[in-house]
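Here is a quick tour for someone meeting this structure for the first time. Take a look at the sequence and the model, then read on.

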Amino acid sequence: MSHHRRQFLKSAGCGFGSLALSSLLGSNASANNNPLSPKPPVLPGKAKRIIFLFMAGGPSHVDSFDYKPELIKRDGQTFDFVGVRKQTFGKKSQRKLLKPLWDFKQHGQSGRWVSSLFPHIAKHVDDLCFIHSMHTEGVAHGPSTLFLHTGATNLVRPSMGSWVTYGLGTENENLPGFVTIMPSASKGGPRNYSNAFLPAIHQGTCVGRAGLPASKATIRNLKNPTLPPNTQKEQFDFLQQLNRQQAQTKNDQNLNAAIDSFDLAFRMQMNAPNILDLSGESEATKTMYGIGEKATDDYGRQCLMARRLAERGVRFIQVNYSDESVNPRWDQHSDMPKHEVHARATDQPVAALLQDLKQRGLLEDTLVWWGGEFGRTPFSQGKDGRDHNPRGFTTWLAGGGTKPGYAHGATDEVGDTAVTDRLHMHDLHATMLHLLGLDHERLTYNYAGRDFRLTDVAGNVEKAIIS
Amino acid sequence: MLPISKLPPAKGLLLLLIMMAGQVAHADEAEGIEYFETHIRPLLAEHCYKCHSAKAKKLKANLSLDSRAGWHTGGDSGPAIIPGNPEDSLLIQAVSHTNGDLKMPPKTRLPDTGIEKLKTWITMGAPDPREGEVKKSSSNIDLEKGRQFWSFQPPVAHPVPKVNDPTWPSNDIDRFILSRLESENLSPAGDASKQTLLRRIYYDLTGLPPSPGEMKAFLADSSPTAFETIVDHLLGKPEFGERWGRHWLDVTRFAESSGGGRSLVFPDAWRFRDYAIDSFNQDKPYNQLIREHLAGDLLKHQSIEQRNTQLTGSGYLVLGALNYELQDHELLKMEFVDEQIDAVGRTFLGMTLGCARCHDHKFDPIPITDYYALAGIFQSTMSMGKGSAASGVTSFATTKLEVADSGEIKQVRYSLATLATKISTLKSKPGKKPSEGSIKPASLPGIVIDSTDAKLTGDWTKSTSTSPWVGENYLHDNNLLKGEKKVEFSTTLPETGDYEVLVSYSAGTNRATNTPVTIRHAEGETTVTIDQSKPAPRHGSFASVGTFPFTKDEPASVTISTEGTKNHVIADAVNFIEPGSPKTPPIERKEIDQKKIETDLKALEKDHKSLAAKLKKLQSVAMAPSEAETIADGHVHIRGQVRNKGPQVSRGFISVAMKPGTSADIPAENSGRLELANWIADPEHPLTARVMVNRIWKYLLGEGIVRTPDNLGQTGELPSHPELLDHLALRFIENGWYVKTLIREITLSRTYQLSSQRTHNRDPANRLFSHANRKRLEAESIRDTALLLSGQLDPARGGPTIRNPGQYDLNYTFTSKRRSVYVPWFRNSMLDLFEVFDAPNPNLVVGKRPVTNLPTQALFLMNSPFIREQANLTAQRLLKEKATITDAYQLILSRPPTQSEHTSTENFLHQFEPTEQEEAWTQICQTLFACIDFRFID
């Protein structure tokens, strides 16, 4: 390894980690040289990576995973509710309870309840760890979505994926450590995958964006639009030839780092498209993910890309089910039956991902996280809608050392507020970091005069959900 | 507890009565203690001690519940229990989980029986046998000691050091630099070549490269003042302000949208951008700039122009990043104040004040009370638009700019009103006069609510005096009892979506010009005002008040009020136009004259449009704060929580940076912004000049004398040349705070003009400035140079540049070919080139941009259509001029190729067929745009 290559890694040059490089560096090379080289976790964590299935808009827990017989019984009855919205903040009002629109059944050995919205996911309940007592900050999508991703509703903070790559580095030199597949530009947009004040290498790399078909999703500028690869290689060699001539006499590590970033970029250009290209997958796999079916094609492709990225050592993969509108996808203020459209689009792909990870032995060390920024109210909004509910909702985890077939905590008898074993979003963040072997109180970054962390000054690890 | 005799009589008596009552109700204390031991102690031990006792790993909120004194003294929020009064006891509020901010235990609510027991016990007078003391934490900050830190000491004049080699220095800066180098037995590098120097100074002062002609002229000028001439020339060019204004925009976290969940566009923020550019071009004294930023709306002025400029400068305070969607408005207001304090601290003082929001600063001597002393100033400032503070999220704090001739506005308004009447006449009642009475609700599109179906508050008079009206009649307020009357039109809408809301009134000269209309929609409430003296153009009598989101089957309402109005307020009807309906209602028209009507209409509408644009220009607004209606000192918010108020603090500044023995002296009727501005701009302020001088040094030399330019506190770095920093700071002040003077002095130093070629391997970080730091070509310069050389750069300066500003910055498509400083600068949507090449995060004050080598940069240079297009256009230009390889290097790198570069390029060129010349040169230009010598400034 040349001196300048080593220096390049040290100077935080490249956005991509380097298992291969650090092994080349030999045992003398400190892993700390490259901010993205894999770092040993500080705690014994089972999970090596996270796949976050982001359900934007707030899916209704009482219609999906949080079974509330009392809500069915009291359908249409009035309910005392304390307002969280601007006009009604802190005020009491009476609302009408609305029973779930879908039937619930018990599934699996564990007997977990799942509604008919998610028939495919229902088959995997014995691998899932439900948290029925989630609560969070913010009431509108923007603040809550930012809180979900960054642990702050307003202040500018790094995204969880950035924290994770900051804490653990990544395992593949040719790929970014934090990838977000088809993120929305709305509800905080780039701030949801931003490194904020962490070094720029920890920024999430976008694959496609919401609103475009997943079959077209790729990393920006990854392909040259005009030149075929062999022609471009000639131009590239010419460029590097000039670069070396220019750097030669100057004895400046930064220049060598820039030269190396071109090498890496070119390698990435050669490798990354293959990882995002699903054509090599078997027909059976594609069918399992629902690829080719209108309803499931997009999310199926996204989930399959996620598996391919996970396999290749990407640390944090976010799979967004979101769009670009003012009302994000799961946001059914009216017309709750529309939940069925979104369930249909995601249920089979998510189930396929779980099965695929499991059969490849990846579920062991991959933490799958399914959830939205909040849940929905058990009472109706208008005729058949439900409003946002940050006070009680369900999220589920799978793999990565979580307790399978388990249900943690509870909302009250109608599903309005988390009451038992409440788990705040900060707690969930702390617990997930713990599963990755990171101590949320020690994963800090000094900026503007103080140490910051994902969980601010809060968060408790919930040991009960760890197997 | 005080002996009863020492309490004020009433309190003592009360307490005595309570105690007696307790005694009566519970025969003896033993019974109370037994109740405590049986029910309360186990409960506290099980549910509370983990965090609130001596056993706690970390005592939470400074509250101990394992002794009587613990709850009596209480924690950060005060006493936890008021004996005899469970309702007002914080402990009960916490365990009941009724207060959103205070829920204990945090995870699981106690069973109701447990809460009941606690209430019973407190009602008993909270008998508690547990002895033990609590330590009350107090501020440990020692200001005297704090003031000893270098940056809180006022700058002092140091004698210019003697140097061993008196021939080397060009000015005093060089003497400070050389003397330090000599003391380390180091010598400075050689001078930069003229070529290198010219490219360096051009990019440093204008952000653009010298043309080959300018290079030739400079190389030919052998006079000793050749470089000085160039510096003065560049300082006078408008591009100087575009370059240095951009530096300033980094430091003022400028952006044209709010950021947050829904990132709202600031349509008027461009004025602040132009203001920054102009300020640097005009060489506005920095102390004046400070005053304008913090109190521009309060400064005296001699001309309208001056007033408008100063007002625009104060936009600094209101264009920070904020999530306007936060529903908790107490919190939203506090977040705004926090943003302002944090920004002011970092922009002007190089201090991280945000740390003191929740507790005393852990590192710098800034007690929490200083933070809230500043907070009082900003809480007494109106920083959000009225609508946004009250409910909606669509308006920002703006102030009208003055115009010299207000008569012109009147004239334009009058012409517009006349035109509007003509247009509406032509549109709605072809061939007839407008005054023809009633408009049938059924003839209107959308959902109409007439005044007959509205809810009236106060006395309203029915009338049909002025045409037209909707339905049977319209209502007016008789111009009486202003503020006590309102008319509410409410309904539910059939679909969720964005509806345009129209309000009908019969216009007339005696009508109110500022009738408030409040729309309650899915996102909250928005209040707008309408001018009922102006004719309403839409289907005869309607004016649009905007488009709002409504939720199906949820109440939608529009309320017309008389609050703050003069003259008659009219309430007639409201019309909701559903999404997707045509703008103009279908109206029966006579076939005859249709063509002529349409031609006339077109002409009138064109006139109307241009007049409206003119009026908009005349009536322009600047984002600006103003003094709040209520001026008051603020409270400490314990742990930064909005609803957890501690003691009140007088408005004031940062104690440690104040001269001992002085105080803020803010008059009761002032927010204190002007006083704050004057304090920061004071020549004796220890930080202000140092911070700015250090920033200027950093932009020119690549690194600051203090390498953390936004942090000169304890956690920042120490200055490498403290004497030089003080020397520059004092000169800056003495010379009238002129930035150009300082830039001139620095660039004319020999230190600035050194080669970037290091001559030794000591001091690897070049803290001693023995050679020039090789600087990265910044995002803006990469783009501007590419556009300049390809001939695409649009030279227009200033003015609004957001195409069709919508409500949000979401997915904005960037098409501008203007200089980068004019490209719309949004918080949630940024031009990809800026994002890739380390443009500053506009949510944060950035005095030092990150410098990275991410492969995304390489990918951008290799593959982006933008670079390829500019390379292609540059190639076409070169081919047309029959340029040589040398010319291409001169143009793009401001130097000829070396022998080996020439050979490589020639070889590359020879791989192409003669028919592929354009492609060959395109690739050569692209390669030069990507190569190291383009991306770095030697």
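Residues 388-393 of chain B keep a pLDDT (the predictor's confidence in each residue, from 0 to 100) under 50. Another such stretch sits at residues 1-27 of chain B. Here is how they line up, with contacts meaning C-beta atoms, placed from the backbone, within 7 Å:

| Stretch of chain B | pLDDT | Contacts beyond four places in sequence |
|---|---|---|
| Residues 1-27 | under 50 | 14 contacts |
| Residues 388-393 | under 50 | 20 contacts |

Chain B has a mean pLDDT of 87, with 92% of its residues at 70 or more. For the complex, the predictor gives an ipTM of 0.79 and a pTM of 0.77.

This is a predicted model, where local features need pLDDT of at least 70 and side-chain atom pairs count only at pLDDT 80 or more, while totals for chains, interfaces and linings use all residues. Residues are numbered from 1 along each chain as its sequence is written, and chains are lettered from A and ligands numbered from 1 in the order in which they are written.

Now for helix H15 of chain B, residues 329-349 (helices are DSSP runs of H or I, at least four residues, numbered from the N terminus). From first C-alpha to last, H15(B) reaches 29 Å, close to the 30 Å expected at 1.5 Å a residue, a span taken as 1.5 Å times one less than the number of residues. Right after H15(B) comes Gly350(B), with a positive phi near 60 degrees.

Away from its sequence neighbours within four places, Met623(B) is in contact with residues including Phe266(B), Gly315(B) and Phe396(B).

Note on methods:
Contact = placed C-beta atoms within 7 Å. Helix = DSSP H or I, 4+ residues; strand = E, 2+ residues; numbered from the N terminus.
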